[in-house]
Amino acid sequence: MKFRKLILQGFKSFVDKTVIEFPDGITCIVGPNGSGKSNILDAIRWVFGEQSPKELRGDSMDDVIFAGSENRKPSGYCEVTLVVSDVAEHIAEKWGTLSEISITRKYYRTGEREYLINGKKCRLKDIRELFYDTGIGARSISIIEQGKVEKIIQASPEEMRLFFDEIAGITKFKERKKEALSKLSSTKENLQRLADIIGEVE
Ligand code: ATP
């Protein structure tokens, strides 16, 4: 899977629609301090579904929306789209696409939010599932920003285990196990309730 294009609008300092292309090979983003380099990494992490404002260097989720400047009003919403190519065949088939797929996240100051795959509304879970076996994700070890190396070196055994799980591709199975256990638990509760009702009726 390869990143092809990142489209930002109203996200942090990127108030106007900005398209960043990733050609084959290594892409370097350079610029003066405060010019928005880390905001681009935040956008990638965000479109993968990061839910913690702290991980996005903010205090609340509203901090990802352009906050205004001397001559621009704050934006009412923000939107990030990531286009990736060379997707696995089963993913391309599921989403009726060729080798490219786009994922989009939108967030409004009113609190409304939307996730889209190829422009069609979807759940965050669908986006996460696309990237389960790829080692790419909001908290992925493949996004190395300032301070990440120290974070990895100083990681607790539990945190280190999460990195290895992701690289080994077993996160998907852990997530499914969590879902199955949760369904099992609610089914047990329903059975218990049913037994209580039957007990009352008899
Ligand atoms: P450095 O090289 O110093 O790490 P950088 O290029 O990585 O800098 P960023 O941290 O990406 O810079 O960008 C910081 C800039 O983004 C600051 O000028 C900050 O005011 C601006 N910024 C962050 N959030 C918002 C927002 N919600 N609205 C408007 N501007 C924002």
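**Pairing, packing and burial in a predicted model**

Biologist: In this predicted model, which residue of β2 is the bridge partner of isoleucine 7?

Modeller: The bridge partner of isoleucine 7 is valine 19, which belongs to β2.

Biologist: How do you know that β1 and β2 count as paired strands, and in which sense do they run?

Modeller: Two strands pair if there are at least two bridges between them, and β1 and β2 are joined by 4 bridges, so the requirement is met. The two strands run antiparallel.

Biologist: What makes β1 and β3 a pair, and which residue of β3 stands opposite leucine 6?

Modeller: Between β1 and β3 there are 7 bridges, in the antiparallel sense, and since at least two are needed, these strands pair. Leucine 6 stands opposite leucine 82 of β3.

Biologist: How many bridges join β3 to β4, and which residue in β4 is the bridge partner of valine 84?

Modeller: There are 8 bridges between β3 and β4, and these strands run antiparallel; the bridge partner of valine 84 is isoleucine 101, in β4.

Biologist: What makes β4 and β5 a hairpin?

Modeller: Strand β4, residues 101-108, pairs with strand β5, residues 113-117, in the antiparallel sense over 5 bridges, and 4 residues lie between the two strands. In the turn, glycine 111 has a positive phi of about 100°. Across the hairpin, arginine 105 has tyrosine 115 of β5 as its bridge partner, while isoleucine 103 has isoleucine 117, also in β5.

Biologist: In what order do the strands stand, and why are β2 and β6 said to stand at the edges?

Modeller: The sheet is open and has 6 strands in the order β2-β1-β3-β4-β5-β6, with antiparallel pairing. β2 (18-21) and β6 (120-122) each have a single partner strand, so one side of each is left without a neighbour in the sheet, and that is why they stand at the edges. From one strand to the next, the twist averages 20°.

Biologist: Where does helix α1 lie, and which of its residues are buried?

Modeller: Helix α1, residues 37-47, lies across β1 (2-9), β2, β3 (77-85) and β4, and runs at about 80° to β3. In α1, the buried residues are Ile40, Asp42, Ala43, Ile44, Arg45, Trp46 and Val47, and these residues pack against β1, β2, β3 and β4. Just after the helix, glycine 49 takes a positive phi of about 105°.

Biologist: Why is lysine 12 called buried or exposed?

Modeller: A residue is buried if 20 or more other C-beta atoms lie within 10 Å of its own, and lysine 12 has 24 C-beta neighbours inside 10 Å, so lysine 12 counts as buried. Lysine 12 sits in the loop between β1 and β2.

Biologist: What is notable about the phi of lysine 12?

Modeller: Most residues other than glycine have a negative phi. Lysine 12 is not a glycine, yet its phi is positive, near 45°. Arginine 57, in the loop between α1 and β3, also has a positive phi, of about 65°, although it is not a glycine either.

Biologist: How do you know how exposed arginine 57 is?

Modeller: Twenty or more other C-beta atoms within 10 Å would make a residue buried, and 12 or fewer would make it exposed. Arginine 57 has 14 other C-beta atoms within 10 Å, so arginine 57 is called partly exposed.

Biologist: How many residues surround the ligand, and what kinds are they?

Modeller: The ligand is surrounded by 14 residues, and the closest are Asn33, Lys37, Ser38, Asn39 and Ala67. The shell divides into 3 nonpolar, 8 polar and 3 charged residues. Lys37 belongs to the charged group because Lys counts as charged, and Ala67 belongs to the nonpolar group because Ala counts as nonpolar.

Biologist: What confidence does the predictor give to the protein and to the complex?

Modeller: The protein averages a pLDDT of 89, and 97% of the residues score at least 70. For the complex, the predictor gives an ipTM of 0.95 and a pTM of 0.79. Where pLDDT is low, the predicted coordinates should not be read in detail.

Biologist: What does the secondary structure of the protein come to, and what percentage of its residues are buried?

Modeller: The protein has 6 helices and 6 strands, and of its 202 residues, 19% are buried.

Terms used. Residues are numbered from 1 along each chain as its sequence is written. This is a predicted model: local features need pLDDT of at least 70, side-chain atom pairs count only at pLDDT 80 or more; totals for chains, interfaces and linings use all residues. A residue is near a molecule or strand if its C-beta atom, placed from the backbone, lies within 6 Å of it. pLDDT is the predictor's confidence in each residue, from 0 to 100. Axes are lines fitted to C-alpha atoms, for helices over the stretch in contact, and angles run from 0 to 180 degrees between N-to-C directions. Two residues are in contact if their C-beta atoms, placed from the backbone, lie within 7 Å.
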